[in-house]
Amino acid sequence: MDRRESLKSMLITSIAGGIGLQACAPEEAEKVQQLTTKVGTYGRTDAEKALDQKLMAVDFFNEHELNTIAVLCDIILPDFDGKGAASDAAVADFIEFIVKDMPRYQTPIRGGIMWLDSASNKAHGKVFVECSQDQQISIVDRIAYPGKTAAADRQGETFFSLMRNLTLTGYYTTQIGIQDLGYKGNTPNIWDGVPDDVLKDHGMEYPKEWLPKFVDQSKRDVKAEWDADGNLIT
């Protein structure tokens, strides 16, 4: 299983237990799902639309912080096989919106970016976004594996875990993320009835008059015939 498939599995597990944000209460989880809907679309109350517009009218992160978030999110979820990276799903914008709607995430994320730049400066003499990809990965590898992080990097581990959850949530609640999951929703299908061998094992069979109505005739030996008035003959 490659990394992208592993991330999908993590997301599905998160959905089973609620949206993938740390310490997110049930009512907040529902709110996060609503936040992924564009302002003014179906199902939004006037109060929700007004709140969205208010939050979208102000900025929290500066350009450097947004760039750092975008780079980190693409490291967490890069583009494999042309399926789109986190930046293709505007995940940085999603995170910007989340921190304005849930202010408790502002300090952890802004502080995490500061930690990331400090670690980069100490290791490579420049901030994270100015490092080469290999240098960036070397820093991420220090904080990406909970339980294996050095004591000095624990703040970075907490920050990275939060960013990983936000990245997954932001990506897999967009159109390209849902397509990547392969989710098709409710689709029409043909039920061919209980297989013949199972029916025979139980000494049962379908009445002939049922078959043309409910069973795909291409998979049965029974042929239906109808009269001119549309009445079943066979």
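A residue is called buried when its relative accessible area is under 20%, exposed when this area is over 50%, and partly exposed in between (1.4 Å probe, protein chains only). The exercises below apply this and other terms to a predicted model, in which local features need pLDDT of at least 70, side-chain atom pairs count only at pLDDT 80 or more, and totals for chains, interfaces and linings use all residues. Residues are numbered from 1 along each chain as its sequence is written, and side-chain values use heavy atoms, with hydrogens and water left out.

**Exercise 1. Classify Cys131 and Cys73 as buried or exposed, and state how many disulfides the structure holds.**

Step 1. The relative accessibility of Cys131 is 7%, so Cys131 counts as buried.
Step 2. Cys73 has a relative accessible area of 2% and is therefore buried as well.
Step 3. A disulfide is a covalent bond between the sulfur atoms of two cysteines. The criterion applied here is a pair of cysteine sulfur atoms within 2.5 Å. The structure holds 0 disulfides.

**Exercise 2. Describe the secondary structure and the surface of the protein chain.**

Step 1. Helices (H or I, at least four residues) and strands (E, at least two) are DSSP runs, numbered from the N terminus. The protein chain has 11 helices and 0 strands. Its pattern along the sequence is α-α-α-α-α-α-α-α-α-α-α.
Step 2. The protein chain has 234 residues, of which 37% count as buried.
Step 3. Accessible areas come from the Shrake-Rupley method with a 1.4 Å probe, and for residues only the protein chains shown count as cover. The accessible surface of the protein chain is about 14,200 Å², and carbon and sulfur atoms contribute 53% of it.
Step 4. A contact means heavy atoms within 4.5 Å. Among the contacts in the protein chain with a separation of 6 or more, 60% join residues 24 or more positions apart.

**Exercise 3. State which residues of helix H7 are buried, and explain why they lie on the same side of H7.**

Step 1. Helix H7 spans residues 133-143, and its buried residues are Gln136, Ile139, Val140 and Ile143.
Step 2. These residues cover an arc of only 100° around the axis, which puts them on the same side of H7. The arc is that of the directions from the helix axis to the C-beta atoms.
Step 3. An α-helix has 3.6 residues a turn, so residues three or four places apart point the same way.
Step 4. The cover over the buried residues of H7 includes helix H4 (63-76), helix H6 (106-124) and helix H8 (154-171).

**Exercise 4. Examine helix H5 and the surroundings of Lys100.**

Step 1. Helix H5 comprises residues 91-101 and is mostly covered, with 10 of its 11 residues buried. Among them are Phe94, Ile95, Phe97 and Lys100.
Step 2. Lys100 has a relative accessible area of 13%, which means that Lys100 is buried.
Step 3. Neighbours within four places in sequence aside, Lys100 is in contact with Leu55, Met56, Val58, Phe60 and Gln106.
Step 4. Met56 belongs to helix H3 (residues 46-56) and, at 47% relative accessibility, counts as partly exposed. Met56 and Lys100 stand 44 residues apart in sequence, and 8.6 Å separates them in space, C-alpha to C-alpha.

**Exercise 5. Determine how many aromatic pairs there are, and describe their geometry.**

Step 1. A pair of aromatic rings is described by the distance of the centres and the angle of the planes. Rings of Phe, Tyr and Trp (its six-membered ring) pair if their centres lie within 6.5 Å; planes under 30 degrees apart count as stacked, over 60 as edge-to-face and the rest as tilted.
Step 2. This rule gives 2 aromatic pairs. Phe60 and Phe61 form an edge-to-face pair, at 5.0 Å centre to centre with 70° between the planes.
Step 3. The ring centres of Tyr171 and Tyr172 are 4.9 Å apart and their planes stand at 85°, so this pair is edge-to-face.
Step 4. Phe60 and Phe61 are both buried, and Tyr171 and Tyr172 are buried too.

**Exercise 6. Assess the confidence of the model.**

Step 1. pLDDT is the predictor's confidence in each residue, from 0 to 100. The protein chain has a mean pLDDT of 78, and 68% of its residues reach 70 or more.
Step 2. Over residues 14-42 the pLDDT stays under 50, and the model has 49 contacts beyond four places in sequence for this stretch.
Step 3. Residues 220-224 also have a pLDDT below 50, with 13 contacts in the model beyond near neighbours in sequence.
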